[in-house]
Amino acid sequence: MPALLLVLCVLSFSFQSLFTKLFNDHFRGPAGTAEPVFSVTYGIVIALTTLITGAFRFAPSGLTVLFGLLNALMLILYNMAIIRAGSLGSYSFMMIANMFGGILLPVFTGVLFLGETVSVTGIIAVAMMLAAMVLLNCGGASVKTAKKGYYLWCILLFLANGLYGAFLNIQATLMNGLERTEMLVILFLCSSLFTIVCEAVKGRLPSVARGYRMGVGSGVYLALCCIFAAAGANLLLYLFSVMNTDVVCTVDDGGVLVLSILYSLILFKEKPAKLQWLGMALAVASIVLINL
């Protein structure tokens, strides 16, 4: 059963990424409003959906409030870092830093603070997946043209994505899988509220409000993105309480990356290079190995 849930988690996050791209491609609101519109809607919808599916149960402990706020901060830093890094240098190198953080830091903190163990097979599988990510991002990973500050934003992206998974794992383990609803509601609602406050300080709320005239197609893609994101977030937090962190993080991040490349091939007619095909094969092999 956990293995099936992990597959569903990977599919949910891969669809989230796909519909995020389609939302951006079809957005018809004022320039510069796609990001805050997405962030505010994303946070509120996931918090509300989680609250509804949790039968409006909301009685967080101090520990859950702490990690919920910490992860709200990580989500904000992640969104900031991925936008800034993407505007300053290589997208591919940025995604390598992103995925490396998402795999390595949750595993490292799990071993260091929670007494989790990683088998030799698991270590080999993680190494294979990291190598696969480099191959999957080849062809666009040149950093020769990176602008000032690019590496710092990549480091922040590595830390934010990694600590996001680490905090989810620590909360789920310490609470024995309880208060999943409370954790996600605090996390996503606070990140949404922070975005609203930031836009208000900048005096941009009227412009953001006009951004909701985004067009029907973009609205549909945003709704689908939020639905799959809510499903993925709930599944991920549950899986951290019943499976090893290295398995969850490696299969989730690697699986999403492989599916994203397949979506690009099928839907957007992008043709992977030979090394990218090798990377996909290596990623699949690592997923099989880590589940042996």
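This report walks through how several helices of this predicted model lie against one another, and then looks at a few single residues.

**Helix H2 and its neighbours**

A good place to start is helix H2, which covers residues 34-53. The table shows how H2 meets three other helices.

| Helix pair | Axes come within | Crossing angle | Handedness |
|---|---|---|---|
| H1 and H2 | 11 Å | roughly 140° | right-handed |
| H2 and H9 | 9 Å | roughly 50° | right-handed |
| H2 and H7 | 8 Å | roughly 155° | left-handed |

Let us take the pairs in turn. The axes of H2 and H7 cross at roughly 155°. An angle over 145 degrees counts as roughly antiparallel, so H2 is roughly antiparallel to H7. On the H2 side, this contact is made by Pro36, Ser39, Val40, Tyr42, Gly43, Ile44, Ile46, Ala47, Thr50 and Leu51. On the H7 side, the partners are Thr181, Leu184, Val185, Phe188, Leu189, Ser192, Thr195, Ile196 and Glu199. Sorted by class, the residues of this contact are 12 nonpolar, 6 polar and 1 charged.

How do H2 and H9 lie relative to each other, given that their axes cross at roughly 50°? These two helices are oblique to each other. H2 brings Val37, Phe38, Thr41, Tyr42, Val45, Ile46, Thr49 and Thr50 to the contact, while H9 brings Leu222, Cys225, Cys226, Ala229, Ala230 and Asn234. By class, that gives 10 nonpolar residues, 4 polar ones and no charged ones.

Helix H1 spans residues 2-26, and H1 and H2 are also oblique to each other. Here Gln16, Thr20, Phe23 and Asn24 of H1 touch Ala34, Phe38 and Tyr42 of H2. This contact holds 4 nonpolar residues, 3 polar residues and no charged residues.

Try finding Tyr42 in the structure: Tyr42 appears in the contact with H1, in the contact with H9 and in the contact with H7.

**A look along H7 and H5**

Does the length of a helix fit what its residue count leads us to expect, or depart from it? Helix H7 runs over residues 180-201, and at 1.5 Å a residue its 22 residues should span 32 Å. The end C-alpha atoms of H7 are 32 Å apart, so the two values agree. Helix H5, residues 120-136, passes the same check: its 17 residues should span 24 Å, and its end C-alpha atoms are 24 Å apart.

Which residues of H7 are buried? They include a run from Thr181 through Glu182, Met183, Leu184, Val185, Ile186 and Leu187 to Phe188, and further along Ser191, Ser192, Thr195 and Glu199 are buried too. Just after H7, Gly203 takes a positive phi of about 75°. In H5, the buried residues are Gly122, Ala125, Val126, Met128, Met129, Leu130, Ala132, Met133, Leu135 and Leu136.

**Two residues to find**

Ser12 sits in helix H1. Is Ser12 buried or exposed? Its relative accessible area is 8%, so Ser12 is buried. Leaving aside residues up to four places away in sequence, Ser12 touches Phe228, Ala231, Gly232 and Leu235.

Ala223 belongs to helix H9, which covers residues 216-240. With a relative accessible area of 40%, Ala223 is partly exposed. Ala223 and Thr20 are 203 residues apart along the chain, and their C-alpha atoms are separated by 9.8 Å.

How values were computed: Residues are numbered from 1 along each chain as its sequence is written. This is a predicted model: local features need pLDDT of at least 70, side-chain atom pairs count only at pLDDT 80 or more; totals for chains, interfaces and linings use all residues. Side-chain values use heavy atoms; hydrogens and water are left out. Axes are lines fitted to C-alpha atoms, for helices over the stretch in contact, and angles run from 0 to 180 degrees between N-to-C directions. Helices (H or I, at least four residues) and strands (E, at least two) are DSSP runs, numbered from the N terminus. Angles under 35 degrees count as roughly parallel, over 145 as roughly antiparallel, 65 to 115 as roughly perpendicular and the rest as oblique. A crossing is left-handed if the near helix is turned anticlockwise from the far one by less than a right angle, and right-handed if clockwise. Contact means heavy atoms within 4.5 Å. Ala, Val, Leu, Ile, Met, Phe, Trp, Tyr, Cys and Pro count as nonpolar, Asp, Glu, Lys and Arg as charged, and the others, Gly among them, as polar. Buried means under 20% relative accessible area, exposed over 50%, partly exposed in between (1.4 Å probe, protein chains only). The expected span of a helix is 1.5 Å times one less than its number of residues.
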